[in-house]
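Colleague: I would like to go through the cysteines and the charged pairs of this protein. Please show me the model.

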Amino acid sequence: MRVCMLLHKTVVHDSRVRREASTLVEAGYAVTVLELAPVPAAERTLDGFSRRSAMPPGWVRRALPFHAYRAVFLLSFLANVVRLRPDIIHAHDAAMLLPGLVGARLTGARLVYDSHELATSVPYREKAWAWFVGAIERLAVPRAALVITVSDGIADRLRDRYGLSGTPVVVRNVSALVEAEPGGSAPGLRERLGLGPRTPLVLHQGAAAPMRGCTTLVRAVAALDDAHLVFLGDDDVRGFNGELAQLASGLGAGDRVHFAASQPLERLLALTREADVGVTLLEDTCVNHQLALPNKLFEYVAAGIPVVASDLPEMGALVRERHIGWTADPSDPEAVAGALRVALAAGHLEPLRARLREAEAELRWPVERRRLLDAYARLAART
């Protein structure tokens, strides 16, 4: 069967889309990821699936206001979908739901909605966009042949909000990363930052951004004597890295807070292992954050490093039940600093390492892979 995945950005750094697409390819599906990003001719195949760009010509974006450009990229997605004639359209996140729904109607394909977050509860979105997302979900979600999401809490909310007859399939963002083959000349994380092997290193995997507890994290690390902090990911929000750097400098920790660019997924696990503790501090600003289970949480576990996470329902429950780290109020620098001190002191102890190994063995892609393939098998049986 032919599957067309729709994505509003490049697939290169999107680990969820890559592992789902490659899993379906391994199971015999022909998968094309249609992405709103340039796709160089030499990179039209990745992890076994095909890639195609839905980007309109550059002059279109320069000539049109943003809202008009949105209409153009919708038409571009639809034109590509019609050419591909897929059996299944897999729309990743709310931004792709409208082209997914219309594309399914035009081609007779089955629609899969993969909700990476509770889209109607994201505080940084404009009110008009949030209303639009809600309207599209009310129209499309009940008509989707399959709904997938990332946590039990979000699955329950989608079922109740849209009156679904069944609960959406939960495919968590567990890691499928494996160690790259040794060799090559690319420097490791500590070498890149000029840090020795014994320097305490706190890692925030993913770009710094508002509402992710990044300001709190900088203040917390500044309160520690010798720990360094690195934000590993490209700056998604204009100027935010600069604000954090200025804050660190004002607190006397400017030389201990670092920013590193996103790295290829093939190298990510090895780089993560170099840290002493991994942090995920989504703030309690919306229901989406309360119910989130971010990629980085599972990637820390896969790398075998302890976690300091927000004391929120889904994240906090997983960390406490597995005893793989500590939770803290993401708005309280003192609480985060305290959790980091404990994590840095206990990270080398064997009981914690054993719990991390046990969690890593269970919170890996093979279990979630089975959920995805079973859901697709049921979908294929109905076509």
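Modeller: What follows covers disulfides and then salt bridges.

Modeller: This is a predicted model, where local features need pLDDT of at least 70, side-chain atom pairs count only at pLDDT 80 or more, and totals for chains, interfaces and linings use all residues. Residues are numbered from 1 along each chain as its sequence is written, and side-chain values use heavy atoms, with hydrogens and water left out.

Colleague: How many disulfides are there?

Modeller: A disulfide is a covalent bond between the sulfur atoms of two cysteines. Here the rule is a pair of cysteine sulfur atoms within 2.5 Å. By that rule the count is zero.

Colleague: Which cysteine sulfur is closest to that of C286, and why is there no bond?

Modeller: The C286 side chain is buried, because its relative accessibility is 8% and buried means under 20% relative accessible area (exposed is over 50%, partly exposed in between; 1.4 Å probe, protein chains only). C4 is also counted as buried, at 1%. For C286, the closest cysteine sulfur is 15 Å away, too far for a bond, and it belongs to C214.

Colleague: How many salt bridges does a search of the whole structure find?

Modeller: A salt bridge is taken as a side-chain nitrogen of Lys or Arg within 4 Å of a carboxyl oxygen of Asp or Glu. One of them joins R16 and D114, at 3.0 Å from N to O. The search of the whole structure gives a total of 19.

Colleague: Which residues form the salt-bridge network with R16?

Modeller: R16 and D114 are both buried. Their side chains meet in a salt bridge. That pair links helix α1 (residues 15-26) to strand β6 (residues 110-115), 98 residues apart; helices (H or I, at least four residues) and strands (E, at least two) are DSSP runs, numbered from the N terminus. The network with R16 is made up of E20 and D114.

Colleague: How far apart in sequence are the parts tied together by R18 and E266?

Modeller: The side chains of R18 and E266 meet at 2.7 Å, N to O. R18 lies in helix α1 and E266 in helix α10 (residues 265-273), so the separation in sequence is 248 residues.

Colleague: Is R18 buried or exposed?

Modeller: Its partner E266 is partly exposed, with a relative accessible area of 41%. R18 has a relative accessibility of 6%, so R18 counts as buried.

Colleague: Where does R172, the partner of E368, lie?

Modeller: E368 and R172 form a salt bridge of 3.0 Å, N to O, and both are buried. E368 is in helix α16 (residues 365-382), 196 residues from R172. R172 lies in the loop between β8 (169-170) and α7 (189-193).
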